[in-house]
Amino acid sequence: MTQLVLYDILGGTSATSNPFAFAPNSWVLRYALNFKGLKYHTEWIEYPDVEPTCKSLGVPPTDVITFPSGTTQPFYTLPVLHDPTTNTTIPDSLAIIAYLDKTYPDTPSVLGAGTGMRGLYGMFRDMVEEEVTGKIYVINLAPVVKLLNERSAEYYRKTRVGLEEINPVGSEKDKKLWEDVEASLKRLGMWYDLAAQGYVGMGDDGGEKGETFIAGGNEAAFPDLFLASRLLWVRIALGETGVLNGWVRLKELDGGRWGRLLENVHAKYGGTF
Ligand SMILES: N[C@@H](CCC(=O)N[C@@H](CS)C(=O)NCC(=O)O)C(=O)O
């Protein structure tokens, strides 16, 4: 099989001097590719080049942006995966993972082939997107700029007008968002506890805390990779001890379970970035 090509947004100054991946939707795909043991290399794309690159590759937008005026515009996004073996090029992390599971059935299935878990995984993903990622997005909005080179940063600021005012770093609004993220992660933690203990009953009833993975065993599954990609985004954007204690604050939450989850997933499936 010829190496797959992963089109990803460039973090850092240039593709040739220590580029790094930071986008959460690309990270969940990276974790999935490494989980499956599939070989790939990265084509680094700067923010202003995302749309032209997608168009030149012939891939459709993954979403539509609606402006306050009500006008809409197609939203082209990365990651995009090109598979030279089948001559397929597709966007959208989840669609790509489903494609890889289907096309390479001899590799470990990320979405649990034949286990009927896809619907539940979909629910977990939507919950994390609504409860955690949406809030982290606002927290991370301004800090992400410093991960970009000048050209990308300029584009990012232009397309996210007023990002500094949306959530002034360290403001009351910022503090409230952090509290909300923590509350959502606590709720998520109860599901991990249930998975570990195998009985139905919410809350702290003296049993062991669920460690590491959602399915209750030693093997990560799609939801763990998905959640880890969002946690990693906080670690990269805010730094270990950034504003309002950055990643350290989430890492130490609830006895340190999220720090351990990310370490476990990243050590096994983080690859070279
Ligand atoms: N549903 C898509 C969403 C991808 C997405 O939103 N990608 C962001 C980076 S994480 C992007 O390409 N943004 C381009 C832009 O903001 O111009 C997926 O899961 O891949």
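Strands E3 and E4 form a hairpin with five residues between them, and Gly70 in its turn has a positive phi of about 100°. Strands here are DSSP runs of E with at least two residues, helices are runs of H or I with at least four, and both are numbered from the N terminus. E3 covers residues 63-66 and E4 covers residues 72-75; the two run antiparallel and are joined by four bridges. Strands count as paired if DSSP finds at least two bridges between them. To find your place in this ladder, look at Asp63, which stands opposite Phe75 in E4.

Before going on, a word about the model itself. It is predicted, so local features are reported at pLDDT of at least 70 and side-chain atom pairs count only at pLDDT 80 or more, while totals for chains, interfaces and linings use all residues. Residue numbers start from 1 along each chain as its sequence is written.

Let us follow the chain out of E4. Pro79 lies in the loop between E4 and E5, and the peptide bond that leads into Pro79 from Leu78 is cis, with omega near 15°. Most peptide bonds are trans.

Next comes another hairpin. Strand E5 (residues 80-83) runs antiparallel to strand E6 (residues 88-91), and four bridges join them. Leu81 has Ile90 as its bridge partner in E6. Four residues lie between the strands of this hairpin. Asn87 sits in that loop between E5 and E6, and has a positive phi of about 55° although it is not a glycine. Most residues other than glycine have a negative phi. Is Asn87 buried or exposed? Asn87 is exposed because 7 other C-beta atoms lie within 10 Å. The cut-offs are these: a residue is buried with 20 or more other C-beta atoms within 10 Å of its own, exposed with 12 or fewer, and partly exposed in between, with C-beta atoms placed from the backbone.

Now turn to the ligand. Which residues are closest to the ligand? They are Ala23, Asn25, Thr77, Leu78 and Ser93, in a shell of 13 residues. A residue belongs to this shell if its C-beta atom, placed from the backbone, lies within 6 Å of the molecule. Leu78, then, appears both among the closest residues and at the start of the cis peptide bond. Helix H1 (24-36) and helix H3 (93-103) each supply at least two residues of the shell. By type, the shell has eight nonpolar residues, four polar and one charged. In this scheme Ala, Val, Leu, Ile, Met, Phe, Trp, Tyr, Cys and Pro are nonpolar, Asp, Glu, Lys and Arg are charged, and the others, Gly among them, are polar.

Stepping back, the UniProt record, an unreviewed entry, annotates residues 13-108 as "domain: GST N-terminal". UniProt positions follow the numbering used here, feature names are shortened, and annotations may be inferred rather than shown by experiment. This span is 33% helix and 23% strand, and its end C-alpha atoms lie 35 Å apart. One residue to pick out is Pro52, found in helix H2 (residues 50-57). Pro52 is exposed because it has 11 other C-beta atoms within 10 Å. Pro52 and Ile96 are 44 residues apart in sequence, and their C-alpha atoms are 20 Å apart in space.

The protein chain is also divided into domain 1 (4-103) and domain 2 (118-269), with bounds from an automatic or database domain assignment. The centres of the two domains, taken over C-alpha atoms, are separated by 21 Å. Domain 1 puts 15 residues into the contact and domain 2 puts in 18 residues; contact here calls for C-beta atoms, placed from the backbone, within 7 Å. The side of domain 1 that touches domain 2 has ten nonpolar residues, four polar and one charged.

Let us finish with helix H7 (residues 172-197), where Trp191 is found. Trp191 is partly exposed because 15 other C-beta atoms lie within 10 Å. Tyr192 is in H7 too, but Tyr192 counts as buried because it has 24 C-beta neighbours inside 10 Å. Further along, Asp254 lies in the loop between helix H9 (246-251) and helix H10 (257-269). Asp254 is a residue other than glycine with a positive phi, near 55°. With 17 C-beta neighbours inside 10 Å, Asp254 counts as partly exposed.

Key. Two residues are in contact if their C-beta atoms, placed from the backbone, lie within 7 Å.
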